[in-house]
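Here are my notes for you, written as numbered points. Keep the 3D view open and click along as you read.

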Amino acid sequence: MLLTLTTTHRPATDLGHLLVKHPDRVQSFDLPAGTAHVFYPEADEQRCTAALLVEVDPLRLGGGRGRKQATTPESFTLGQYVNDRPYAASSLLSSALAKVFRSALRGESRDRPELATAAIPLAVRVPVLRCRGGAELAVRVFAPLGWTVAATPIPLDEAYPEWGDSRYVDLTLTGTLRLADALNHLYVLLPVLDDAKHYWVAPDEVDKLLRAGAGWLADHPERSLITRRYLAHRRALAGAALARLAELRLSDEPPADDSVESEPATEAPRASLAVRRREAVLAALRDSGASRVLDLGCGGGALLTALVADRRFTEVVGTDVSSQALTLAARRLRLDRLPERQRDRITLRQSALTYRDDRLRGYDAAVLMEVVEHLDPPRLPALEDAVFGHARPGTVVVTTPNVEYNVRYEGLGAGRFRHADHRFEWTRAEFAAWVERVATSHGYTATIGGVGDEDPEVGSPTQIAVLSRKEEMSA
Ligand code: SAH
């Protein structure tokens, strides 16, 4: 399997810096199913081509390192020895890309950081690509991304033209794109065209897809086909992925790293649901007059960056049970690079919402944005006690999905939730009942509303409640 990547950006040898692979050397990398080699057939000032060659060991494919085999031609005995895997591009080439060009895929470059964010002239060639759906499908998936696509069907046997074409195409893409975008397109779309994933699709494949598809998949006209095929036609996973894409659509907000600066102060009505939800929460906090706020279950810190950007919030605390989430949040906030005055306003704490935590007492406001649905229902009373009974902030802003709206999400099967980790999703009546009960039993008043375009039948996609603590009688 071979893929080449050519640029005519000057000096073209900068490609070596972007890929972090020296043009003068051949480098080899061990893969679960073979070996990948990177080398440069040409490298001068005008033109530089990097080649990725993947040698597959068909026997190792069968073993699969404890991964379950999906039903592919290889899964019958002889098929393990006689198959086209060693020669045709497929998901193996895609995983080799991810492993060998990891930092380039993320758009990072130590030596050429500016160039990594710039669109440069690129040509990609995959001489033998297995393509279910033919050359026409290759055009449909790559062309909307800014590529000029040449896909030539390869005849089954040149000596016998009457046999017709094989399932393979010779693919050439040309365009002016960011290298990272180009690599992410290939990472997702090569296996999509092949349509025979070689390993069992795990739930974290949804996250991988959304990460690699950031900024281009949500609005792609073939997003549904791409998502289904990428997730190997597992309907539950594809449904969840499509629902999450629908939340991102109509916005160019990259989901993994949405910085507040790039958002206009007054959100246009076409902003994604994620942005509108964040704006609604911020508006509720501003209305409450809070200056010291908690973001409970802060996750990767999407709200924290917005809170820190607003000086009225003099103290911002993000908590999460997951240390991984907190690491991500610290990275997104660029904590290590913030000036001391800014950094002193932010604290990240590992804390479980199902236990009373004295460190969370005495704040003006707390946010539970898209968090309650991640708890098993029997654990909810513990959260209620820890937040409303013990921490007792003046204001609590809660958001959660409106399950009634799910019927409006393309591809999300009946009875499916929007995220694999959701333990439940409430109807409007269920949410209202929960809010009312919590408010009454802990001495708060509540208002309930929706975020996102309201559907006359099923309401808004997101539900929001603002609970305000009543004046406490002192003895
Ligand atoms: N509020 C963020 C993240 C929502 S995802 C946002 O809207 O973007 C839900 C988050 O809740 C996850 O980061 C998860 O780790 C966290 N979480 C789940 N159960 C928790 C618990 N018991 N205590 C604290 N955090 C929890």
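**Notes on the cavities, the ligand and some loops**

1. Let's start with the second largest cavity: sorted by class, its lining has five nonpolar residues, one polar and one charged. The residues to click on are L18, A104, G107, E108, A116, L179 and A180. The space inside this second largest cavity comes to about 40 Å³. Bear in mind throughout that you are looking at a predicted model.

2. How many cavities of 30 Å³ or more does a search of the whole structure find? The answer is three. If you wonder how such a search works, rolling a probe the size of a water molecule over the atoms shows where empty space is left.

3. Now for the largest cavity, which holds about 60 Å³ of space. Its lining is made up of S351, A352, L353, Y355, R356, D357, L360, A386, V387 and A391. By class, the lining of the largest cavity splits into seven nonpolar residues, one polar and two charged.

4. Next, have a look at the ligand. There are 14 residues around the ligand, and the ones that come nearest are G297, G299, D320, L353 and M369. Did you spot L353 there? You met L353 a moment ago in the lining of the largest cavity. Taken by class, the shell around the ligand has seven nonpolar, five polar and two charged residues.

5. Which atoms of the protein pair up with nitrogen or oxygen atoms of the ligand? For G297, a backbone N or O atom sits 2.8 Å from a ligand nitrogen. D320 uses its side chain instead: a polar atom there is 2.6 Å from an oxygen atom of the ligand. V321 brings in a polar backbone atom, 3.3 Å from a nitrogen atom of the ligand. As for cover, the ligand on its own has 570 Å² of accessible area, and the protein covers 79% of that.

6. Back towards the start of the chain, there are two backbone details to check. The peptide bond running from R10 to P11 is cis, with omega near -10°. You'll find P11 in the loop that links strand 1 (2–7) and helix 1 (14–19). After helix 1, V20 lies in the loop leading to strand 2 (27–31). V20 isn't a glycine, yet its phi is positive, near 55°.

7. Where does L156 sit? Look in the loop between strand 6 (148–155) and strand 7 (165–178). Leaving aside residues up to four places away in sequence, L156 touches W163, G164, D165 and S166. Try the distance tool on L156 and R167 too: they are 11 residues apart in sequence, and their C-alpha atoms are 8.1 Å apart in space.

8. Last one: R132, in the loop between strand 5 (119–130) and helix 6 (134–142). What does R132 touch, not counting residues up to four places away in sequence? Its contacts are L137, L193, D194, D195 and R229. Take D194 from that list: 62 residues separate R132 and D194 in sequence, while C-alpha to C-alpha they are 5.8 Å apart in space.

Key:
Residues numbered from 1 in each chain as written. Predicted model: local features only at pLDDT ≥ 70, side-chain atom pairs only at ≥ 80, totals over all residues. Heavy atoms only, no water. Near = heavy atom within 4 Å. Polar contact = N/O pair within 3.5 Å; in protein donor to acceptor, adjacent residues only side chain to side chain. Areas by Shrake-Rupley, 256 points an atom, 1.4 Å probe, with all protein chains shown as cover. Nonpolar A, V, L, I, M, F, W, Y, C, P; charged D, E, K, R; others polar. 1 Å grid on protein atoms, 1.4 Å probe; cavity = no way out; pocket = protein on both sides within 12 Å on 5 of 7 lines; lining within 4 Å. Points joined across faces, edges and corners; volume = space filled by probe spheres on them. Helix = DSSP H or I, 4+ residues; strand = E, 2+ residues; numbered from the N terminus. Contact = heavy atoms within 4.5 Å.
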